[in-house]
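Work through the two exercises below with the model open. Each task is followed by a stepwise solution.

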Amino acid sequence: MADSPLASAARKAAWLAGGIAGTGAAALAYGCLIERNLFGVREETVPVLPAGSAPLRVLHLSDIHFVPGQDRKVRWLQELAELEPDLVVNTGDNLSHPLAVPAVLEALKPVMRFPGVFVPGSNDYYAPVLKNPFTYFTGPSKHRHEPEKLPSGELFGAFTDAGWQDLTNTNSVMQLSGLRLNFSGVDDPHLRRDQYQGFAETPAATPGGGAFPEVKIGVAHAPYQRVLNQFTGGGAEIILAGHTHGGQVCIPGYGALVSNCDLPTRQARGLSSWAHGGRRVPLNVSAGIGTSRFAPVRFACRPEAVLLTLTART
């Protein structure tokens with residue numbers, strides 16, 4: 001006997017619901033088990049150096065979010081030293097567990113032999129907490145209770161012992177590859193710890209020359225607009241940040257749905273530019289290497305390190 005129209009419609013609806021549920025489960029399994037471990041290197045060329053400068057290779061690391069036992073991540077991070085960068089810039093959120101510092105330092109040891117600078121992220125200070133993922137659609141995430149503190153002092157002490165410069169709410173100058181690198185960094189804007197100090201004063205030109213050509217680099221963990229405006233207005237020629245995870249779970253062909261800050265979602269990952277006060281500056285936002293241990297999934301947003309080749313302006 002043939003089904004009634006109502007029974008037929010109910011059966012089709014059940015098949016559709018089952019198909020959607022199955023597709024969702026498959027996507028979740030892919031994001032948790034496969035894509036979050038598909039580490040790669042995004043390469044960009046950015047013409048920001050003074051005329052006549054030799055190229056400068058910058059390895060940008062962000063949002064490692066290390067959890068003990070991530071051996072594949074350790075090996076991949078160690079292999080990044082084979083890129084032979086001139087400079088390493090670490091934009092924070094190295095930790096995701098209170099016992100992660102020894103493994104992070106083991107993973108980064110090969111690249112810590114290169115000159116470097118760093119700024120903190122919130123997950124260097126505090127352990128992540130379990131959250132409802134839908135709250136990210138209501139605005140940047142917030143700590144509702146006092147979170148567990150992480151051993152950031154141990155981590156940052158090891159970085160500075162290796163020679164990396166701490167840019168936490170300060171500026172710093174480095175002479176490298178015939179250039180004067182003028183850095184300005186801030187503590188994590190996501191925690192509202194940022195206190196912009198500007199860039200170091202550029203030496204006046206002297207008769208006969210002899211001074212190194214200069215490039216100004218702004219460094220922050222979270223790319224909040226107020227900080228991007230300060231860097232741009234202060235004369236930055238390139239800005240590096242992380243924090244967004246590139247949206248972490250994205251729609252193929254569309255991109256990020258959230259940035260977890262006030263940065264437009266179209267700029268949540270990759271090389272774009274930021275305009276303020278009549279100036280436009282290249283902005284590189286890393287999609288990051290890890291995830292919170294409570295949300296170990298990526299979809300249409302592979303983990304990345306970024307190799308920036310800074311070249312002379314034409």
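**Exercise 1.** Find the residues that line the largest cavity, then classify them.

*Solution.* Val-58, Ile-217, Ile-238, Leu-240, Leu-308 and Leu-310 form the lining. Two elements, β9 (238–241) and β12 (304–312), each give two or more residues to it. By class, the lining has six nonpolar, no polar and no charged residues (nonpolar: Ala, Val, Leu, Ile, Met, Phe, Trp, Tyr, Cys and Pro; charged: Asp, Glu, Lys and Arg; polar: the others, Gly among them). The volume is about 30 Å³, taken as the space filled by probe spheres set on the grid points, which are joined across faces, edges and corners. A cavity here is a set of points on a 1 Å grid over the protein atoms alone where a 1.4 Å probe fits but cannot get out; lining residues have an atom within 4 Å of a point.

The model is predicted: local features need pLDDT of at least 70, side-chain atom pairs count only at pLDDT 80 or more, and totals for chains, interfaces and linings use all residues. Numbering starts from 1 along each chain as its sequence is written, and side-chain values use heavy atoms, without hydrogens and water.

**Exercise 2.** Place strand β3 (residues 87–90) among its neighbours.

*Solution.* Start with the faces. Leu-87 and Val-89 on one side, and Val-88 and Asn-90 on the other, are all buried (under 20% relative accessible area, 1.4 Å probe, protein chains only). Next, the pairing (at least two DSSP bridges between strands). β2 (residues 56–61) runs parallel to β3, with four bridges; His-60 stands opposite Val-89. Helix α2 (residues 71–79) carries the chain from β2 to β3 in a right-handed β-α-β crossover (clockwise from first strand over the helix to the second, with the strands pointing away from the viewer). Helices (H or I, at least four residues) and strands (E, at least two) are DSSP runs, numbered from the N terminus. Finally, β4 (residues 116–118) is parallel to β3 through three bridges, and Asn-90 has Phe-118 as bridge partner.

Conventions. 1 Å grid on protein atoms, 1.4 Å probe; cavity = no way out; pocket = protein on both sides within 12 Å on 5 of 7 lines; lining within 4 Å. Buried < 20%, exposed > 50% of the residue type's maximum accessible area, 1.4 Å probe, protein only.
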